[in-house]
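Could you walk me through this structure? I'm new to it, so plain language would help.

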Amino acid sequence: MAQVVLSNELGRQFAGGQTHFDVDAVNVRKLIGALDEMFPGLGAELQSDGIAIAIDGEIFSDPFLEAIADNSEVYFLPAIKGG
Amino acid sequence: MGYEDKELKWVGTRQIRPDGVDKVTGRANFGADLNLPGMLTGKILRSPHPHAKIVSINTDKAAALPGVKAIVTGADMPEMPSEMAQAGEGAVNFRYLSNNIMAHDKVLYDGHPVAAVAAISDAVANEALSLIEVEYEVLPHVIDVEESMKPDAPVLHDTIFTAGVEPKPEKPSNVVMRVQMGFGDPDAGYEKSDVVIERNYTTQPVHQGYIEPHAAVVEWTENDECRIWCSSQGQFMVRTFTAKLLDLELAQVRVTPAEIGGGFGGKTTIYLEPVAALLSRKSHRPVRMVMSRDEVFRATGPTSGTAMRVKIGATRDGKIQGAEAELKYQAGAYPGSPVAPGCMTAFAPYALENVKTVGYDVVVNRPLSASYRAPGAPMASFAVESAIDELAQELGMDPIDLRLKNAAKEGTQAPYGPKFKSIGYIETLEAAKAHPNYNIPLGPNQGRGVASGFWFNIGMQSSATVNVAEDGTVCVISGNPDIGGSRASLAMMAAEVLGVDYNKVKIIVGDTASIGYNDVTGGSRVTFATGMAIIQAAEDVVQQLRERAAMTWDIGVDAVVWEDGFARPASANAGDFKPLSLADIAAKAGRTGGPINGKAAINARGAGAGFGTHICDVEVDPDTGHVTVLRYTAVQDAGKAIHPGYVEGQMQGGVAQGVGWALNEEYIYGEDGRLQNPGFLDYRMPVASDLPMIDTVIVEVPNPAHPFGVRGVGEVPIVPPLGATANAVSHAIGKRMTDLPLSPPAIVSALDS
């Protein structure tokens, strides 16, 4: 099971304040689908612009099919810009 | 393919940049240099008020002036929905972008555009502007971030309700959102601590200070094509933004990138192009618009000013037990300050168990903030690195030793959540401590400051083409404007992969119709991401060269290797053939299948995080408060420096800008909310005579995700200078300086207090 961490704001908005979850998913698309089943509406929010995902320390600004391992750590973060 | 075990011929050397001669001889074409037949001059009328409703705009007299060919107001801009959409480097609210480019019903800062004219000359255009009658209903304004957060502050937008707070607000506010991140319990950490430092800090908005003002030429053709020539950090960004704001299809817009005279993040957005396009469409003639320096200061993006509070506690052994920061960032007239990355980067150099950052994005009656190198990080770093320095003082520890004691390394959980992959922060601390400059004795009124900094770096989308000419020379097409020498670094990587002379590789920056999509030149991504695309395109060429050689020799392609620019039989078993050079194969390409061109289009993954550590020595004149920077040493992990000279240039440039931010730069607004120093005489940026030679040390901890080990290098060097300089001044005068800039009056005032 991947360990998934939402931001405080998303946790408050969709998951009753909970931010840490164990989710069984092989890639980002499946993960977001699973989270949306748990908390309807969360999936659309996670796919909205302005949110990035870190999988095992690597930040992806627009992930979709990136693989998630059984013990991956997944964080949903504000998207990063540069100067 | 990785090249870490190969002997490199071009990567890591200091080649002459291909664009250098054109730039120093004045031949290079920047945004304002293009002339088209029948071209008009476009100029913008700007609000003199920081906050006002537009009651009416009467353009009749201006339109009647001989020589005026077109006039545009907000009514000419299509209505945009207020929603975030993916564009450029990230999400953009096109309603805000449209309203910032041309005010629709309200002006929100001194300099906000309200109308534009196209005329046959500058003089006629200026006269036309003076004939446009705008009736305003002036509203109360607010310039300061903390004033803007007060419940009784004038509200800029009645549609903004603070996000991220409970209960959901019922009244509109200037506080756009609250963000929070971190883990553990800082309060529990302070209870264990022997020393706790808590301070408030402020920084002022500063401009990116690029030499070249914004400029664009636009020609709207009779078949509804919009052709744009402009200076920007991304021709595809200009295409996307302009098309969206004018309700056009992307294929209708073709953007040709001019040379760019500095951007530093400030040219990752647009100001002029849609306005020039509308003027061109109305007048049926090409229109050129060039901002004055006054306009650049009054209406283009500074980075945020801030008000911050930092608290750090540590035990006597120097172990940090708890840390927190509250960051309030000015967004300018519309939402979008870089407070979230400020929160993420503030404590990133440190391995912490208890950390919390809270940030607020706040609108004020100033120009909309824009990206500036490592957006959001330098301010937060200034506050945290000042507190770390004070902590070291209180503990009686060497400031580098304190940082080493708490330094993040591979596997450390970053304050924003994920664990770091391979990073080189400790190596920068060790190199700084070992540098001779760190041990030079200091005299009276002199001080030494240390600070570290972090930036994520990014990858994103890049396309590249490598074309082989019949004589074996090579043309590379990139889709990223060259700001910091990327033509050279990209060509060097192509030469390395192909095994040809660097001088045989020519590189151009293509327009939006001649190369596939590229994200902006920003985020320190080009040498990393576009470099990766060019490596792959060159490897595509190498594969084709091996296939052509195999065809020529009538052997299998697996029996052909590419070494040092020649196809060779892989072993004696493959046959005895004379090696074929790239030129040999290219000359016969028609016989073996046609032209040899390589292509790659990627979404680059694995941008390696960057860290730097800086040492600043200053001397303060106690009578005048003037600060002289005696020495400055910048150490940074570049992963692998493709062109060390340009990496050093990035480091030195970041330091120069950061020192200016720390010592002098600030916007001065009058009580009337109007900017009083919109020019380089009164907005004091450092010049060459203000700075010593900036010493650089490149640390190379390779990024395993890049074939040559590259990490982005353009953002990190502006993060530590604010803290390093402020810490040096604080030590020199014996007082902790917490409010930037440390201009002479501020220092004299501190000394007198």
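Let's start with one pair of residues: in chain B, B:Ala451 has B:His614 as its bridge partner, and that partner sits in β26(B). Keep in mind that what you see is a predicted model.

Step back a little and you'll see the strands around that pair. Strand β18(B) and strand β26 (residues 610-620) of chain B run antiparallel, with 10 bridges joining them. They belong to an open sheet of 4 strands in chain B, ordered β18-β26-β27-β28, with mixed pairing. At the edges you'll find β18 (446-455) and β28 (694-699) of chain B, each of which pairs on one side only. From one strand to the next, the twist averages 15°.

Now look for what lies over that sheet. Helix α18 (residues 721-733) of chain B crosses β18, β26 and β27 (627-637) of chain B. Relative to β18(B), helix α18 of chain B runs at about 160°.

Another helix to find is α14 (residues 486-498) of chain B. How far should its 13 residues span, at 1.5 Å a residue? The expected figure is 18 Å, and the end C-alpha atoms of α14 are 18 Å apart, so the two agree. Is this helix mostly covered or mostly open? Mostly covered: 13 of the 13 residues in α14(B) are buried, meaning that 20 or more other C-beta atoms lie within 10 Å of each one's own. Right after α14(B) comes B:Gly499, which takes a positive phi of about 75°.

Zoom out to chain B as a whole. Its secondary structure comes to 19 helices and 28 strands. The radius of gyration of chain B is 27 Å, close to the 27 Å that the globule rule gives for 753 residues, so chain B is as compact as a globular protein of that length. Along its principal axes, the C-alpha trace of chain B spans about 85 × 75 × 50 Å. Of the 753 residues in chain B, 59% count as buried. Among contacts in chain B with a separation of 6 or more, 80% come from residues 24 or more positions apart.

Finally, turn to where the two chains meet. The contact takes 23 residues from chain A and 36 residues from chain B. On the side of chain A that touches chain B, α1 (8-14), β4 (58-60) and β5 (73-78) of chain A each supply at least two residues. Of the elements there, β5(A) gives the most, with 4 residues. Sorted by class, that side of chain A has 9 nonpolar, 8 polar and 6 charged residues.

Conventions: Residues are numbered from 1 along each chain as its sequence is written. Chains are lettered from A and ligands numbered from 1 in the order in which they are written. This is a predicted model: local features need pLDDT of at least 70, side-chain atom pairs count only at pLDDT 80 or more; totals for chains, interfaces and linings use all residues. Two residues are in contact if their C-beta atoms, placed from the backbone, lie within 7 Å. Ala, Val, Leu, Ile, Met, Phe, Trp, Tyr, Cys and Pro count as nonpolar, Asp, Glu, Lys and Arg as charged, and the others, Gly among them, as polar. The radius of gyration is taken over C-alpha atoms; the globule rule is 2.2 Å times the number of residues to the power 0.38. A residue is buried if 20 or more other C-beta atoms lie within 10 Å of its own, exposed if 12 or fewer, and partly exposed in between; C-beta atoms are placed from the backbone. Two strands pair if DSSP finds at least two bridges between them. Axes are lines fitted to C-alpha atoms, for helices over the stretch in contact, and angles run from 0 to 180 degrees between N-to-C directions. The expected span of a helix is 1.5 Å times one less than its number of residues.
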